[in-house]
Amino acid sequence: ARAHLLYHAPFMIVLCVVAFAVALFAAGFIVRWGRGHAAHYGASMPQRFHFGHVPRLGGVAVLLGVAASWILGAAQSLWGDPGSLRLGGWVGWWLLALLPAVLGGIAEDLVQRLSVLYRLVLTACSGVLAVAVVGITLPRLGLPWLDAVLDFAPWLGLAIAVLAIAGLPHAFNLIDGYTGLAGMVALIVCLALAHVAMQVGDRALAALLVSLAAATAGFLVWNYPRGLLFAGDGGAYLWGVVIAIASLSLVQRNQDVSPWFPMLLLIYPVWETVFSIYRKAARGVSPGVADALHFHQLIYRRIVRSVFHDDESRRLLMRNNRTSPYLWGFTLLTVAPAVMFWNNTPVLMLCCAVFVVSYVAAYLAIVRFKVPGWLRR
């Protein structure tokens, strides 16, 4: 089995190299020639934590890297599939499904005028396309009585799939507040999903995921730690749609994979979104109104200590960079048990519950200024 895996590895590596290189050079081009567009991003926005006009078109670079890699993989399969990745023409349907959300996000990055409702409609269109042309659904929920409900009403599985694909892009957009945060979370999640896909022999899905991880890495070269390029809504929506479709596909195509495996992998952005909706509703504020009270923003304000530097923009950037590693560690605390217990539903559900309790406790501790001294730096 190990020799078989090593035989196929070079073909997957080629796709990774293509995705990384295309995203890297496309991002460099955007950094060099695309600075002017960022002037539309208002300095008064509550989620803005940087100085200057930084391009927010990193999603374009990631999209180009992913598209180039996936198309090459599909072409390779049509030419005889020497790597046995079995990508084929169906990859085009994946690209079609993600386009409404991603192009809508890129349009928002350019004009800053699309309403939240309009963008939600576009991500929902991606969800409907994934169900219609890719054939995505949620076949089971890991509990016998819930699985019986899905068997009785299969349309519920389709509705949940559309909801997941429509919602996860906005969850990634919600945590995309600091350099390297959403991009590294997406990269970690992609690699975890690819690992389990390889465990169950789903090389096609693994190839798509590692290509996205490689394209994200190419973008991160410019994004972290220097903050020369931001992912923008386009990048967040791309990560959200592809990861949502891949998660549902992994569960749908492989009976051994628990549906709570991707849930635990993605519990941080998902719960951040749910909790944000709750706290805004409790204050009588619309969930679509931006604020500066998200978990990562509180860590920035109350845990990461001020950096002393003569240049104000440099000081803000250094403090910005120190925030993301806290959330990377937070993410790894869920990724590690998810990868270890990917086929054990009770343990995965327990870990999800532990995360929710830990998140709320940590949030309240930060709000009440009860943060242990060893966490501050």
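Helices (H or I, at least four residues) and strands (E, at least two) here are DSSP runs, numbered from the N terminus. What you have open is a predicted model, where local features need pLDDT of at least 70, side-chain atom pairs count only at pLDDT 80 or more, and totals for chains, interfaces and linings use all residues. Residues are numbered from 1 along each chain as its sequence is written, and side-chain values use heavy atoms, with hydrogens and water left out.

**Stop 1: the whole chain**

Show everything as cartoon. The protein chain has 14 helices and zero strands, so to speak an α-only string when read from the N terminus: α-α-α-α-α-α-α-α-α-α-α-α-α-α. Now colour by burial. Buried means under 20% relative accessible area, exposed over 50%, and partly exposed in between (1.4 Å probe, protein chains only). Of the 377 residues in the protein chain, 52% are buried. On to contacts, meaning heavy atoms within 4.5 Å: among those with a separation of 6 or more in the protein chain, 76% are between residues 24 or more positions apart.

**Stop 2: the loop before H9**

Select Tyr224 and Pro225. The peptide bond joining them is cis, with omega near 5°. Pro225 sits in the loop between H8 and H9. For background, most residues other than glycine have a negative phi, and most peptide bonds are trans.

Next, go to Gln112, in the loop between H3 and helix H4 (116–134). Gln112 is not a glycine, yet its phi is positive, about 55°.

**Stop 3: H7 against H8**

Two packed helices are described by the angle between their axes and the distance between the axes. Axes are lines fitted to C-alpha atoms, for helices over the stretch in contact, and angles run from 0 to 180 degrees between N-to-C directions. Angles under 35 degrees count as roughly parallel, over 145 as roughly antiparallel, 65 to 115 as roughly perpendicular and the rest as oblique.

Pick out helix H7 (residues 181–199) and helix H8 (residues 203–223): their axes are 8 Å apart and the packing angle is about 160°. How do H7 and H8 run relative to each other, roughly parallel or roughly antiparallel? They are roughly antiparallel. To look at the contact itself, show sticks for residues including Gly183, Leu187, Leu191 and Ala194 of H7, and Leu205, Leu209, Ala213 and Thr216 of H8. The H7 and H8 crossing is left-handed (the near helix is turned anticlockwise from the far one by less than a right angle; right-handed if clockwise).

**Stop 4: H6 across H11**

For another arrangement, select helix H6 (residues 154–175) and helix H11 (residues 267–282), whose axes come within 8 Å and cross at roughly 85°. That puts H6 roughly perpendicular to H11. On the H6 side, the residues to show are Leu168, Ala171, Leu174 and Ile175, which meet Tyr268, Pro269, Val270, Glu272, Thr273 and Ser276 in H11.

**Stop 5: H2 and Ser69**

Helix H2 (residues 58–78) has 21 residues and reaches 30 Å from its first C-alpha to its last, close to the expected 30 Å (1.5 Å times one less than the number of residues). H2 is mostly covered, with 15 of its 21 residues buried. Just after H2, Gly80 has a positive phi of about 130°.

Zoom in on Ser69, which is in H2. Is Ser69 buried or exposed? Its relative accessible area is 0%, so Ser69 is buried. Not counting residues up to four places away in sequence, Ser69 touches Leu15, Val18, Ala19 and Ser211. A polar atom of the Ser69 side chain lies 3.0 Å from the backbone oxygen of Leu15. Such a polar contact is a pair of N or O atoms within 3.5 Å; within protein, one must be able to donate a hydrogen and the other to accept it, and residues adjacent in sequence count only if both atoms are side-chain atoms. Ser69 and Met12 are 57 residues apart in sequence, with C-alpha atoms 9.7 Å apart in space.

**Stop 6: two more buried side chains**

Move to Asp109 in helix H3 (residues 91–111). Asp109 is buried, at 2% relative accessible area. What does the side chain of Asp109 reach? It reaches the backbone nitrogen of Gly234, at 3.0 Å.

Finish at Ser249 in helix H9 (residues 232–253). Ser249 counts as buried because its relative accessibility is 3%. Leaving aside neighbours within four places in sequence, Ser249 is in contact with Trp94, Ile136 and Leu205.
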